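Here are some short exercises to work through with the model open beside you. Try each task before you read its solution.

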Amino acid sequence: MSQIANLGYVGFGVSDIQAWRDYATRILGAEEGSLSSDGAIRLRLDHHAYRILLVDDPADDIIFAGFEVRDAEALDALGARLTSMGVEFQIVTEEDLKARDVLGMLRFVGPDGLMCEAYYGPLIHSEHPFRSPRSISGFVTGEQGIGHLNLFVSSNEEAKAFFCDALGFVVSDYIDMKVDNRDITGTFLHCNPRHHSIAYVEADSPKKLHHLMLQVRSLDDVGSTLDLVQSEGVKVSASLGKHTNDEIVSFYMKTPSGFDLEYGWGGIEVHDAEWRVQRHIAISVWGHRPAMN
Ligand code: FE2
């Protein structure tokens, strides 16, 4: 049983804030919220004050991941578990809590320098319901969090020790694949019914993030977004397809930062009582063919 309830937010360091604001609102259908007290741009996907933070930073990569826990006791329990695993915390100030609008937070470094923030008590704007600037039916969040991150890591063992042994993620499945004639294995981890909130592959990469997946509520949302992406000249990295393991129907596009965003619908849910670890040897049932435009 994971100590982590869900992947609650992500922070991207982006070199072109204006391009990102335009992309996030006009293409993805995110809603821009108020500025964070530290100046980060807040993007909403639901009734939370934000789900994505854009920080003016040349990294063009993920710069932090926020993992929600239930309450103060759960945060204390996670802290004790991390301490016993030899994971050290950084000092979190009142300003940090204010910038994230959370009641409590632990900040620590994950595999390959990924900054992780475990928190409880996010700010909810029920008085300002989420309104997408686009006519989409919305994003699947709630207990499943915002979606999933697919990370490049330098060591499968270190990643597994961190996410599974320290944070309590559970393996959903593995995909053995061939990329550029190399055999690699993708590892997919869950902490709630979303098939995976974290996935990683061992690879040499200048970026930590391969993609963020956002799941929408209808197949039409995926189709209309693909139409928009193609008419607006956003680069499609992988065509519409269906993944073998989470069965999501999705396509991949390049963000203004060069990493990918997967936009999908219909992922299966996993429930620990009946789930058994699986192995796959193909990424997709159909589709997900490389770049078309
Ligand atoms: Fe994905």
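**Exercise 1: a strand and its partners**

Phenylalanine 251 has tyrosine 263 of β16 opposite to it. This is a predicted model, in which local features need pLDDT of at least 70, side-chain atom pairs count only at pLDDT 80 or more, and totals for chains, interfaces and linings use all residues. Residues are numbered from 1 along each chain as its sequence is written, and side-chain values use heavy atoms, with hydrogens and water left out.

Task: find how many bridges join β15 to β16.

Solution. Recall that strands are DSSP runs of E with at least two residues, numbered from the N terminus, and that two strands pair if DSSP finds at least two bridges between them. Strand β16 covers residues 260-265, and 6 bridges join β15 to this antiparallel strand. In their hairpin, 5 residues lie between the strands, and glycine 258 takes a positive phi near 95°.

Now turn to β14 (residues 236-243): 4 bridges join this strand to β15, again antiparallel. Here glycine 241 stands opposite serine 250.

Finally, check the cover: in β15 (residues 249-254), 5 of 6 residues are buried (under 20% relative accessible area, 1.4 Å probe, protein chains only).

**Exercise 2: the edges of a sheet**

Task: say which strands stand at the edges of the open sheet.

Solution. Start with the order, β2-β3-β4-β1-β5-β8-β7-β6, in a sheet of 8 strands with mixed pairing. At the edges are β2 (31-32) and β6 (89-90), each with a single partner strand, so one side of each has no neighbour in the sheet. The partner β7 (residues 104-109) runs antiparallel to β6, joined by 2 bridges. In one of these strands, β7, arginine 107 is the bridge partner of glutamine 90.

Technical notes: Buried < 20%, exposed > 50% of the residue type's maximum accessible area, 1.4 Å probe, protein only.
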